[in-house]
Amino acid sequence: MNKNLETLQNKPNNWKAARDLLREYREKQARNSYEIIKYGLPLINKKSQKLSKEELFEVMEQVFLAGLDVNIEESKTLLLKLQKQFPKSLRVTKLSGLLEEAMGNWKSAITIYKSILKNNPSDQIARKRLVCVSKAQGDVVLTIKNLNNYLSHFQGDTETWEELLEIYLTQQCYSKALYCCEELILAEPNNYQHHYKIANIYYTIGKRTDLIKARQYYAHSIKLLKEQNLKSYYGLYLTANKLKSLYSKNLDQSETQINEQLLQFAADKIKNVYLKLEDNDTKKTVLDFFEKNK
Amino acid sequence: MSQFNLSNSTYHQLLLHATKYFSEPITGLLLGPEIKNISSTSTIQITNCVPLFHSNAFTLSSNVDLALTLVSTFCESNALSIIGVYHSSSNNNSQDLPSPIKKIGETINKMTKTSVVLIIDDQKLKKGKEQSAIKAYCYSSKWINVKVNSVSQKNFKEGIEELSNEENEKDVLVIEEEEEKEKGQGKTKNSKFLKNYQFQIGDEEMLVEKFKKLLLEEKFLQIVDFEEHLKNPELDFLTQNIN
């Protein structure tokens with residue numbers, strides 16, 4: 001468990017641990033809103049003098065964002081403080097837009113973002129928030145249109161390609177999802193996550209050539225990250241297994257051998273991961289499964 | 001009449017899963033004691049749940065296949081079977097029953113001849129309203145919304161007999177199925193039969209009270225789902241140690 005979290009559970013008033021935890025979350029851009037409010041609010045309200053001015057306002061922004069999820073009244077209070085401190089700030093205006101979004105006031109939010117774009121036409125965040133509003137309103141067609149429009153101006157924005165990928169998956173447009181994944185791989189070829197994601201999509205489409213592609217991408221993902229990549233090993237195992245059970249007649253001698261080797265490789269690696277762990281239901285189930293499916 | 005009974009602890013666990021990942025769509029499986037010969041008059045208990053995903057992973061069959069395989073193995077050694085799937089989308093406005101969830105439900109139906117899909121309707125979780133937050137769907141050649149009946153605590157176990165005696169036709173959707181096979185085999189018996197579905201949960205007020213307690217005790221932070229397990233294999237996703 002997270003060191004800072006552990007400290008805070010035993011000593012909830014330890015402001016240093018709270019400050020360090022929030023720093024960690026800021027770095028990772030983690031959305032652990034409940035914990036951020038729980039440990040961040042006392043930090044702002046009681047120990048603000050312990051933080052540098054710069055850090056204090058960063059924490060206030062962070063707690064504001066967390067409050068949009070968990071405690072919107074706190075966010076309103078924080079926004080007023082930030083607006084007082086930074087009266088004509090673009091950054092704070094964006095936060096006010098987020099508050100409107102969180103309250104469901106779509107028209108006000110759109111007005112705020114459009115006015116930002118009038119004076120700052122290249123502002124990416126305001127553009128993205130407009131897309132988020134259409135997503136929150138449930139308008140899938142408009143959201144896809146907006147995302148594609150955004151990407152036509154900013155092709156390198158991987159965050160947006162990921163967003164578009166997710167929407168295509170929920171609509172089961174697998175070929176379009178593949179295209180998004182390919183763009184992600186082009187932009188970040190050494191990111192094992194993108195190879196893992198594209199492998200998942202090929203597996204889902206599921207024909208023989210797709211399964212072989214899936215197997216290749218899972219293998220590549222493993223090559224990029226050999227440890228702490230359990231999900232890719234599972235993917236490799238499942239794909240090799242599916243090829244074996246569904247298409248063994250269509251595979252020639254050497255292909256069958258390769259498939260079998262990959263199957264064994266994945267199975268052994270997964271078993272080794274679990275053997276090092278303490279006993280629990282999951283460990284027992286996984287080892288049982290491999291016992292039954294030798 | 002096919003009767004589904006959802007245990008209180010399962011109801012709370014799936015809501016806790018939804019609470020932990022409030023900004024994401026969540027999916028999980030529903031388990032219950034194994035029934036050897038499921039018939040149209042079985043009472044099916046849902047006693048456990050296994051949280052699986054807190055992302056769009058449910059749309060991809062690689063993740064779903066893996067989860068179903070591992071959970072089936074778990075069920076075999078614990079005299080359980082997979083009864084259904086629960087889901088909650090991150091967006092209030094999105095369609096009720098997403099097609100990947102229907103597919104999962106249909107796969108489960110093939111495996112265990114019975115399947116229910118629970119959709120968490122977070123609009124019903126508003127303050128001041130003591131009501132259950134789920135919608136139930138049962139499968140009979142297509143997915144049909146079944147009313148969730150809340151039965152008072154003392155009647156929960158006996159509720160089965162109570163409801164079967166009452167005339168609840170306005171609550172229960174009646175589906176008629178034609179047994180064409182029987183016709184072909186020359187049986188002269190009436191070939192139509194009625195299939196009723198009932199879905200029961202415990203007393204709504206008590207459920208909400210208990211849920212509030214669990215939230216104050218921060219129990220939702222202890223939920224571990226399958227995705228979490230893949231990141232940290234030492235965490236156990238098959239048994240949640242809550243309640």
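This passage describes the interface between chain A and chain B, then selected strands and salt bridges within each chain.

The model is predicted, so local features need pLDDT of at least 70 and side-chain atom pairs count only at pLDDT 80 or more, while totals for chains, interfaces and linings use all residues. Residues are numbered from 1 along each chain as its sequence is written, chains are lettered from A and ligands numbered from 1 in the order in which they are written, and side-chain values use heavy atoms, with hydrogens and water left out.

Chain A and chain B bury about 3000 Å² between them. Buried area is the accessible area (1.4 Å probe) that two parts lose on being put together, summed over both. Carbon and sulfur atoms carry 57% of it. Y34(A), T282(A) and T285(A) supply 17% of the area that chain A buries against chain B, more than any other three residues. The contact (heavy atoms within 4.5 Å) takes 38 residues from chain A and 33 residues from chain B.

Polar contacts link 16 residue pairs between the chains, both residues at pLDDT 80 or more. A polar contact is a pair of N or O atoms within 3.5 Å; within protein, one must be able to donate a hydrogen and the other to accept it, and residues adjacent in sequence count only if both atoms are side-chain atoms. Helix 16 (281-292) of chain A is one of the helices that each supply at least two residues of the side of chain A that touches chain B. Helix 16 of chain A gives the most, with 8 residues. Helices (H or I, at least four residues) and strands (E, at least two) are DSSP runs, numbered from the N terminus. Across the interface there are 2 salt bridges. A salt bridge is a side-chain nitrogen of Lys or Arg within 4 Å of a carboxyl oxygen of Asp or Glu. K38(A) and E218(B) meet in a salt bridge at 2.6 Å, N to O.

In chain B, strand 1 (residues 2-6) pairs with strand 3 in the parallel sense over 4 bridges. Pairing requires that DSSP find at least two bridges between two strands. Q3(B) stands opposite T43(B), and F4(B) opposite I44(B). In strand 1, 5 of the 5 residues are buried, so the strand is largely enclosed by the rest of the structure. Buried means under 20% relative accessible area, exposed over 50%, partly exposed in between (1.4 Å probe, protein chains only). S2(B), F4(B) and L6(B) lie on one side of strand 1, Q3(B) and N5(B) on the other. Strand 3 (residues 43-46) alternates: I44(B) and I46(B) point to one face and are buried, whereas T43(B) and Q45(B) point to the other and are not. In strand 11 (residues 192-201) of chain B lies Q198(B). Q198(B) is buried at 2% relative accessible area. Its side chain makes a polar contact of 2.6 Å with that of N149(B).

The whole structure holds 22 salt bridges over all chains. E58(A) pairs with R26(A) at 3.2 Å. E58(A) lies in helix 4 (residues 53-70) and R26(A) in helix 2 of chain A, so the pair ties together parts that are 32 residues apart in sequence. Both residues belong to a salt-bridge network with R19(A), D20(A), R23(A) and E55(A). E58(A) is partly exposed at 33%, as is R26(A) at 23%. D123(A) forms a salt bridge with K94(A) at 2.9 Å. D123(A) is buried at 9%, and K94(A) is buried at 15%.
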